[in-house]
Amino acid sequence: TEIQHFWKALKVNDFLFPFFSRPASLVVVPLRDSTVDIAVFCLSLMGTNLGDFLAEANRVLVMGGVLKIAEVASRFENERSFFSALSSLGFKLVHKDTKNSHFYSFEFIKTGKAPVNVKKVSLQLKPCLYKKR
């Protein structure tokens, strides 16, 4: 297939190889500031430093860029405090879907820069609750 040929032809000095071969985390993404139109967190806000993850998304997003979050519904104790924290990190809520009993999804746009001291932004989600079926 075309994808297999692409990967076979990829050389060390090609654009994608350096990106895929270097270690990264959600706190330090190897991208320049304001270079991304959309950032997606799908069941990935599992760390204790969520504010750092979202501040890094803010850093790489262009102004007006889109932040999409999909998370397990049971992790949200207070949606308003979550939205307030994201507002403090430079995001505005534009759409929310909390109709599903298992998963919530939210869409934000970047309206400003995240504060320098992200630790002051109180942002926590509860641990995931898994049920035996």
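This is a short walk through the structure, from its sheet to its helices, its aromatic rings and one of its pockets. Please keep in mind along the way that the model is predicted.

A good place to begin is the sheet. Four strands make it up, and following them across gives the order S1-S2-S4-S3. The sheet is open, and its pairing is mixed. At the edges you will find strand S1, residues 36–42, and strand S3, residues 91–97, each of which pairs on one side only. From one strand to the next, the twist averages 15 degrees.

Now look at the strands inside those edges. In general, the strands of a sheet pair through backbone hydrogen bonds, and they can do so in parallel or antiparallel fashion. Strand S2 (residues 61–72) and strand S4 (residues 103–110) run antiparallel, joined by seven bridges. If you look for Ile 69, you will see that it stands opposite Phe 106 in S4.

Next come the helices. Helix H3, spanning residues 50–60, packs on the sheet and touches S1, S2, S3 and S4. The direction of H3 makes about 150 degrees with that of S2. Helix H4, residues 79–88, lies across S2, S3 and S4, and runs at about 25 degrees to S4.

The aromatic rings deserve a stop of their own. The count of aromatic pairs comes to 10. One of them joins Phe 76 and Phe 82, with 5.0 Å from centre to centre and 85 degrees between the planes, an edge-to-face arrangement. A residue counts as buried when its relative accessible area is under 20%. Phe 76, at 10% relative accessibility, is therefore buried, and so is Phe 82, at 2%.

Another pair is formed by Tyr 104 and Phe 106, whose ring centres are 6.2 Å apart. Because their planes stand at 80 degrees, this pair is edge-to-face. Tyr 104 counts as buried at 16% relative accessibility, and Phe 106 is buried with a relative accessible area of 3%. Stepping back, ring pairs link Phe 76, Phe 82, Phe 83, Tyr 104, Phe 106 and Phe 108 into a cluster.

Our last stop is the second largest pocket, which holds about 200 Å³ of space. Its lining is made of 13 residues, and those nearest its centre are Val 29, Ala 39, Phe 41, Ala 57 and Val 60. Two elements, S1 and H3, give two or more residues to this lining. The largest share, five residues, comes from S1, the edge strand we met at the start.

Key. Residues numbered from 1 in each chain as written. Predicted model: local features only at pLDDT ≥ 70, side-chain atom pairs only at ≥ 80, totals over all residues. Heavy atoms only, no water. Pairing = 2+ DSSP bridges. Axes fitted to C-alpha atoms, helices over the stretch in contact; angles between N-to-C directions. Contact = heavy atoms within 4.5 Å. Phe/Tyr/Trp six-rings, centres within 6.5 Å; stacked < 30°, edge-to-face > 60°. Buried < 20%, exposed > 50% of the residue type's maximum accessible area, 1.4 Å probe, protein only. 1 Å grid on protein atoms, 1.4 Å probe; cavity = no way out; pocket = protein on both sides within 12 Å on 5 of 7 lines; lining within 4 Å. Points joined across faces, edges and corners; volume = space filled by probe spheres on them.
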